[in-house]
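Here is a short briefing to read alongside the model. Take a look at the structure first, and then we can walk through it by topic.

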Amino acid sequence: MDISTISAAVSSLKAAKDIAQGLLALKSLSEVQGKVIELQSAILDAQGKALDAQTGIVELQDQLKAANQRIAELKSHQAFVGTLARNNGAYIAPGDPDPYCPRCVEVSVTPVHLVKTGKQEMRYWIWACPECKVQMPWHLG
Ligand SMILES: [Zn+2]
């Protein structure tokens with residue numbers, strides 16, 4: 001929704017008000033009946049546009065809720081990442097012996113533990129990320 005939806009509803013209401021004011025100047029019953037029909041049509045138009053604006057407001061509220069939820073996720077992730085320490089290319093959390101995937105920590109909001117594979121390279125175990133599939137030699141040091 002944009003501001004034009006609300007502007008359209010306001011314009012329709014103004015048109016209805018102008019028609020209603022014009023009723024006062026009319027002299028004959030047939031002129032009044034014609035203006036009443038015009039007024040009813042303008043009111044229906046305004047109601048339709050107000051409904052469009054209301055629907056737009058609901059959509060904006062949903063978008064705002066999703067954006068606030070995303071901000072909360074990012075703040076939570078940022079706070080968690082602030083507790084991590086870089087160690088030989090991976091991240092480790094205090095009191096947690098298993099490293100976190102550096103890629104997932106840095107590009108997503110879901111930290112993922114690396115999993116030790118059965119493979120070794122240059123006497124270090126190869127660790128793999130179950131999420132992004134990165135593999136890396138790693139040792140606590
Ligand atoms: Zn990963």
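In strand β4, Ala-128 is the residue that stands opposite Val-115. That pair is a good way into this predicted model, whose protein chain has a mean pLDDT of 92. Below you will find notes on the sheet, on helix α2, on Lys-49 and on confidence.

**The sheet**
- Strands β3, β4 and β5 line up in that order as an open, antiparallel sheet of three strands.
- The edges are formed by β3 (115–121) and β5 (135–137), each of which pairs on one side only.
- On average, neighbouring strands of this sheet are turned by 30 degrees against each other, with direction ignored.
- As a general reminder, strands of a sheet pair through backbone hydrogen bonds, in either a parallel or an antiparallel way.

**β3 and its partner**
- β3 runs antiparallel to β4 (residues 124–128), and four bridges join the two strands.
- The hairpin of β3 and β4 has two residues between the strands, and Met-122 takes a positive phi near 50 degrees there.
- β3 has seven residues and is hardly covered, with a count of zero buried residues.

**Helix α2**
- How far apart are the end C-alpha atoms of α2? They are separated by 77 Å, which agrees with the 78 Å that its 53 residues should span at 1.5 Å a residue.
- The number of buried residues among the 53 in α2 is one, so the helix lies largely in the open.

**Lys-49, a residue to click on**
- Lys-49 is part of helix α2, which covers residues 29–81.
- Is Lys-49 buried or partly exposed? Lys-49 has 19 C-beta neighbours inside 10 Å, and because a residue needs 20 or more to be buried, Lys-49 counts as partly exposed.
- Leaving aside residues up to four places away in sequence, Lys-49 touches Ala-8, Ala-9 and Ser-12.
- Val-10 sits 39 residues from Lys-49 along the chain, and their C-alpha atoms are 8.5 Å apart.

**Confidence**
- In the protein chain, 99% of the residues reach a pLDDT of 70 or more.
- Where is confidence lowest in the protein chain? Helix α1 (residues 3–23) has the lowest mean, at 86, while strand β2 (residues 90–92) has the highest, at 96.

Conventions. Residues numbered from 1 in each chain as written. Predicted model: local features only at pLDDT ≥ 70, side-chain atom pairs only at ≥ 80, totals over all residues. Pairing = 2+ DSSP bridges. Axes fitted to C-alpha atoms, helices over the stretch in contact; angles between N-to-C directions. Buried ≥ 20, exposed ≤ 12 C-beta atoms within 10 Å, placed from the backbone. Contact = placed C-beta atoms within 7 Å. Expected span 1.5 Å × (residues − 1). pLDDT = per-residue confidence, 0-100.
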